[in-house]
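The following report asks how the strands, the nonpolar core and the empty spaces of one protein model fit together. It is written to be read beside the sequence and the structure.

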Amino acid sequence: MSLLQSISRNIYSLNEKAMDKTKVRLDRLIHPTESLGKLEDICIKLAGIYENDNFDIQKKAIIAFGSDHGVYEEGVAPDPQDITRLQFPNFVKGICGVGALSKFVGADVIAVDVGINSDEKLEGVLDCKIRKATSNMAKGPAMTREEAIRSLEIGIEMAESCIVKDYKIIGVGEMGIANTTPTTAIISVMSGCDPEEITDKGSGLKAERLKHKAQVIRDSIEINNPNPTDGIDVLHKVGGFEIGAMAGVILGCSANRIPVVLDGYISYAAALIAYRINPKVLEYTLASHLSSEVGAKKALELLKLSPFLDMNMRLGEGSGAALGFSIIDAAVYTYKNMATFDEIDMGR
């Protein structure tokens, strides 16, 4: 049995008893019942994941994956592809968006090269390169099915390497010029909507180029004909290595009963891939924020996830996941430190 098969078969539902016990305490806190809204939902979900109503999430990590995309040659992104190589080491240096926010919330950043178009060894970056960029999905499959599975298994392996180091909550992030194109393709395939409905500017594409980008996505779907019910097939035909690796983290965390925090738009596509492999992963997934990409709401609708932040962000990298950690920390702190009616004898 392959690693992917083993992991996907070992994802179980949340512990209802622990969730019920946590709900009882939340209802006894000195506040109107359920008035803390999503903060309470977060605590109940964490209890179900950890199978315990007393949980500790102090040790946190963002696992970010870097990869380039063959479809870049179709003119779907305004920036030089070399930016992937130049920016990705900054994740671990703490000087980019995800680096700074992760420092602020006390999370470690692990950066993994799964397909950056360079032979250069990147400082501070783990080398798990499948190959230098995916193929151009506008001309054929983005990768082989075997490469798709390998990208998923790299994500699983990275999640498990963090879990054995006692990380208690993991966020996902990415870097890859042009990766909103495969992301939009995945969401279009999964939802059945026309790419033009959900194609956006990504890192700054001009408005007059949006129709071209949508047409490239439409052509890619028509040429490759991915099966929307088969996550691996969709990844293989119109995905990206970093998207597959993030999906692997989601699967790996779920099988090991560790919560995984999504970032923004690209991570939604990864979650959709993981969801098609095993729908139970959504029980272990927290959506940090609503990306301002126009396809974000469609993706979250498919995932049935409600993000707890709406910051008009579209950076990616894992920045939203890092910011989400602060809300999760606040939820857990409140749960553990608010008094109950019984403890202060308010008689309710």
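Strands β4 (169–175) and β5 (residues 260–262) run parallel and are joined by 2 bridges, where two strands are said to pair if DSSP finds at least two bridges between them. Within this pairing, isoleucine 170 stands opposite valine 260 in β5. β4 also pairs with strand β1 (residues 60–67), again in the parallel sense and over 7 bridges, and isoleucine 170 is there the bridge partner of alanine 61. Helices (H or I, at least four residues) and strands (E, at least two) are DSSP runs numbered from the N terminus.

The model is predicted, so local features are given only at pLDDT of at least 70 and side-chain atom pairs count only at pLDDT 80 or more, whereas totals for chains, interfaces and linings use all residues. Residues are numbered from 1 along each chain as its sequence is written, and side-chain values use heavy atoms, with hydrogens and water left out.

How is β4 placed with respect to the rest of the structure? Because 7 of its 7 residues are buried, β4 is largely enclosed by the rest of the structure; buried means under 20% relative accessible area, exposed over 50%, and partly exposed in between, with a 1.4 Å probe and protein chains only. Both faces of the strand are covered, with Ile169, Gly171, Gly173 and Met175 on one side and Ile170, Val172 and Glu174 on the other.

The largest nonpolar core, a set of buried Ala, Val, Leu, Ile, Met, Phe, Trp, Tyr and Cys residues joined through side-chain atoms within 4.5 Å, has 118 residues, and those with the most contacts inside it are Phe65 and Ile328. The largest share of this core, 10 residues, comes from α13. Leaving out residues up to four places away in sequence, isoleucine 328 touches Ile42, Leu46, Ile57, Ile169, Val261, Leu286 and Phe308, contact being heavy atoms within 4.5 Å.

Empty space was searched on a 1 Å grid over the protein atoms alone: a cavity is a set of points where a 1.4 Å probe fits but cannot get out, a pocket is an open set with protein on both sides within 12 Å along at least five of seven lines, and lining residues have an atom within 4 Å of a point. Grid points are joined across faces, edges and corners, and a volume is the space filled by probe spheres set on the points. In the classes below, Ala, Val, Leu, Ile, Met, Phe, Trp, Tyr, Cys and Pro count as nonpolar, Asp, Glu, Lys and Arg as charged, and the others, Gly among them, as polar.

| Space | Volume | Lining by class |
|---|---|---|
| Largest pocket | about 430 Å³ | 11 nonpolar, 11 polar, 7 charged residues |
| Second largest pocket | about 230 Å³ | 6 nonpolar, 2 polar, 5 charged residues |
| Largest cavity | about 40 Å³ | 7 nonpolar, 1 polar, 1 charged residues |

The largest pocket is lined by 29 residues, of which Glu174, Asn179, Ser203, Arg314 and Leu315 lie nearest its centre. At least two lining residues are supplied by each of α4 (82–87), β4 and α13 (265–277), and the largest share, 3 residues, comes from α13.

Around the second largest pocket there are 13 lining residues, with Asp41, Lys45, Thr285, Leu286 and Ser306 nearest its centre. The elements that give two or more residues to this lining are α3 and β6 (285–287), and α3 provides the largest share, 4 residues.

The search of the whole structure finds 1 cavity of 30 Å³ or more. Its lining consists of Leu26, Leu29, Leu36, Leu39, Glu40, Cys43, Ala331, Thr334 and Tyr335, and α3 (38–50) and α15 (319–337) each supply at least two of the lining residues.

Two residues have notable backbone angles. Most residues other than glycine have a negative phi. Glutamate 34, in the loop between α2 (16–28) and α3, has a positive phi near 65° and counts as partly exposed because its relative accessibility is 48%. Leaving aside neighbours within four places in sequence, glutamate 34 is in contact with Lys23 and Glu40; its C-alpha atom and that of lysine 23, 11 residues apart along the chain, are separated by 9.3 Å. Alanine 133, in the loop between β3 (126–127) and α7 (145–163), has a positive phi of about 80°, and this alanine 133 is buried, with a relative accessible area of 7%.
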